[in-house]
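Student: I have not read a model of this kind before. Please take me through it one feature at a time.

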Amino acid sequence: MDLAKSVLEGDRLSLARLLTQVENKTTEGSTALDFLFAHTGRAHLIGVTGAPGTGKSSLVNQLALHFRREGKRVAIVAVDPSSPFTGGAVLGDRVRMKDLSGDPGVFIRSMASRGSIGGLAQATASVVQVFDAAGYEIIMIETVGAGQSEVDIAKLAHTTLVVEAPGMGDDIQAIKAGILEIADIIVVNKADRPGIESAEKALKSMLELAHPTRRVFRHHGDLIQTPLSKSGEGDGMMKSESPIWFPLLQRTIAVEGKGITELAGHIARHKEYLHRSGDWAVREQARLRSELDAALQSALMDQFHDHLSEAYFHQIMDQVFARTLSPSEAVKALLHGNPAAPASSKPESHESSHSAEKPGRIK
Amino acid sequence: MVQDKDQTTLPDKKIRVLVAKPGLDGHDRGAKVVARALRDAGMEVIYTGLRQTPEMIAEAALQEDVDVIGLSILSGAHMALAPRIMDLLKANRQTNVKVFIGGIVPDEDIPRLMEMGITGVYGPGASTEDIVKDIKNAVK
């Protein structure tokens with residue numbers, strides 16, 4: 001609790017230490033999150049995703065410099081992958097962010113994904129919450145180098161940038177479902193490289209083919225889609241008569257700082273759009289709902305394991321291994337079996353697997 | 001976010017190490033070898049790259065809340081860089097951070113570095129197993 005209070009007072013060491021507690025999911029961390037929750041909901045969360053090597057870190061570096069010139073405090077959460085074998089990680093995003101060093105208005109935190117597969121770490125949302133409470137107005141979240149389906153970032157961020165680079169694939173890649181769909185703004189970085197014209201053309205034609213829809217993640221990850229009247233279709237810009245955002249496309253050369261002012265302008269327009277259309281609130285609610293669902297899920301799981309006898313669980317597992325019980329039958333047995341008497345429950349649970357067909361036993 | 005119970009049972013407390021190259025020499029192979037070895041030992045390595053000033057290193061160590069700093073110094077400037085970094089860590093109230101140096105350090109300088117509070121010094125030929133072991137012991 002002391003840590004959380006010092007964070008609100010602006011102490012950077014306390015902030016760093018609290019982030020560690022939150023990342024490690026300690027009791028102290030979770031108590032602090034409860035305390036800080038009332039102070040959250042103010043920051044603009046900007047997600048930056050895209051394939052490895054497209055220039056995400058360099059772009060984040062440049063955008064941070066831009067926001068600093070506007071006088072905004074900037075936090076950066078940079079996620080890199082953990083080894084699935086050793087759990088170790090090399091977090092190298094700071095290498096591209098040297099320009100931000102020495103500025104007390106910037107705070108960079110590297111995170112390892114720690115086994116999470118959606119492009120973020122499990123604790124990323126909580127880390128963002130701490131930065132939000134600490135008064136950072138802009139929080140940029142850089143995902144692991146993402147492939148085609150790491151789309152968790154769109155649930156967390158208000159504005160999602162998908163970074164592409166020339167030579168990353170043809171027009172078929174551009175019409176596939178997944179990561180391009182979550183872009184509020186598509187950034188074509190490394191615009192000085194050969195192939196920029198065809199890359200931009202493929203992405204543009206993808207945008208033009210799209211049926212414009214209002215894209216808001218619901219709590220189970222599905223989208224609320226609202227079809228658009230024909231009048232709104234067009235040049236990739238937002239039409240005044242319809243509150244629909246058409247993803248914008250911006251060329252940049254991040255290492256030279258080119259296209260950054262324009263990109264920041266698009267980001268500001270997207271924020272304004274979110275407020276005007278009411279999507280800001282919808283996204284916030286969807287995110288909080290999905291956070292609550294995830295917390296509930298993990299609490300129920302813990303509760304379930306606390307009340308379950310280990311021996312009984314292993315008995316059931318053995319039957320699954322022997323293929324005498326299917327996984328879904330096993331779940332029924334685990335939920336309705338008698339965990340108090342593991343020794344005698346084996347034949348019972350086996351029986352319940354056969355009686356699973358009877359509707360009376362299932363419910 | 002993604003809920004996969006099996007994947008989240010990785011040990012929660014990770015050793016976080018900042019690997020940095022202060023000074024002006026441009027050889028980072030050693031730093032990369034060590035970074036890779038620590039990664040394979042299950043640590044989270046924050047790699048900051050070449051030509052870091054002591055101020056940049058101390059600031060990164062603070063923001064990342066690391067347990068350990070590994071400095072790679074081949075330029076011979078260790079007697080100037082190390083005390084500066086130790087002073088900055090003190091000023092930031094980060095006296096809990098263990099600092100290791102790898103590189104070209106004459107034997108006679110090692111006792112003086114240890115006096116400053118450096119935890120370990122490694123020269124050419126040092127084994128990565130030893131470095132891993134020493135780090136694990138130091139942060140216990």
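Tutor: Take one pair of residues to begin with: Ile101(B) stands opposite Val121(B), which lies in strand 5 of chain B. Keep in mind that this is a predicted model.

Student: How many bridges join strand 4 of chain B to strand 5 of chain B, and in which sense do they run?

Tutor: There are three bridges between strand 4 (residues 98-103) of chain B and strand 5 of chain B, and the two run parallel.

Student: Which sheet do these strands belong to?

Tutor: To read a sheet, follow the order of its strands from one edge to the other. Here six strands make an open sheet in the order 3(A)-2(B)-1(B)-3(B)-4(B)-5(B), and the pairing is parallel. Strand 3 (89-91) of chain A and strand 5 (120-122) of chain B each have a single partner strand, so one side of each lacks a neighbour in the sheet. On average, neighbouring strands here are turned by 20° against each other, direction ignored.

Student: What packs on this sheet?

Tutor: Helix 2 (residues 54-64) of chain B does, touching strand 1 (16-20), strand 2 (44-47) and strand 3 (68-73) of chain B. The direction of this helix makes about 160° with that of strand 1 of chain B. Helix 3 (residues 78-91) of chain B lies across strand 3 and strand 4 of chain B, and runs at about 165° to strand 4 of chain B.

Student: The sheet order names both chains. Where do they pair?

Tutor: Look at strand 3 of chain A and strand 2 of chain B, which pair in the parallel sense over three bridges. Within that pairing, Leu91(A) has Ile46(B) as its bridge partner.

Student: How many residues does each chain bring to the contact?

Tutor: As general background, the size of an interface is often given as the accessible area lost when the parts come together. For this model there is a residue count: 38 residues from chain A and 33 residues from chain B take part. On the side of chain A that touches chain B, helix 2 (12-23), strand 3, strand 4 and helix 10 (279-306) of chain A each supply at least two residues. The largest share, six residues, comes from helix 2 of chain A. By type, this side of chain A divides into 15 nonpolar, 16 polar and seven charged residues.

Student: What does chain A look like as a whole?

Tutor: Begin with its secondary structure, which comes to 14 helices and ten strands. Chain A has 363 residues, of which 42% count as buried. Among contacts in chain A with a separation of 6 or more, 69% are between residues 24 or more positions apart.

Student: In what order do the seven strands of the open sheet in chain A stand?

Tutor: The order is 4-2-5-1-6-7-10, with parallel pairing. Strand 4 (106-112) and strand 10 (248-251) of chain A are the edge strands, each pairing on one side only. The average turn between neighbouring strands of this sheet is 20°, direction ignored.

Student: Which strands pair with strand 2 of chain A?

Tutor: Seven bridges join strand 2 (residues 74-80) of chain A to strand 4 of chain A, in parallel. Two of the partnerships with strand 4 of chain A are Ala78(A) with Ser110(A) and Ile76(A) with Ile108(A). Strand 2 of chain A also pairs with strand 5 (residues 138-142) of chain A, again in the parallel sense, over five bridges. In strand 5 of chain A, Met140(A) stands opposite Ile76(A).

Student: Is strand 2 of chain A buried or exposed?

Tutor: Seven of its seven residues are buried, so strand 2 of chain A is largely enclosed by the rest of the structure. Val74(A), Ile76(A), Ala78(A) and Asp80(A) point one way, while Ala75(A), Val77(A) and Val79(A) point the other way.

Student: Which residues have the most contacts inside the largest nonpolar core?

Tutor: They are Ile139(A), Met140(A) and Val45(B), in a core of 120 residues. Beyond its neighbours within four places in sequence, Ile139(A) is in contact with several residues, including Ala75(A), Val77(A) and Phe131(A).

Student: How far can I trust the details?

Tutor: Where pLDDT is low, the predicted coordinates should not be read in detail. Chain B has a mean pLDDT of 90, with 91% of its residues at 70 or more. Over residues 1-11 of chain B, however, the pLDDT is below 50. The model as a whole scores ipTM 0.89 and pTM 0.83.

Notes
Residues numbered from 1 in each chain as written. Chains lettered and ligands numbered in written order. Predicted model: local features only at pLDDT ≥ 70, side-chain atom pairs only at ≥ 80, totals over all residues. pLDDT = per-residue confidence, 0-100. Contact = placed C-beta atoms within 7 Å. Helix = DSSP H or I, 4+ residues; strand = E, 2+ residues; numbered from the N terminus. Buried ≥ 20, exposed ≤ 12 C-beta atoms within 10 Å, placed from the backbone. Pairing = 2+ DSSP bridges. Axes fitted to C-alpha atoms, helices over the stretch in contact; angles between N-to-C directions. Nonpolar A, V, L, I, M, F, W, Y, C, P; charged D, E, K, R; others polar. Core = buried A, V, L, I, M, F, W, Y, C linked by C-beta atoms within 7 Å.
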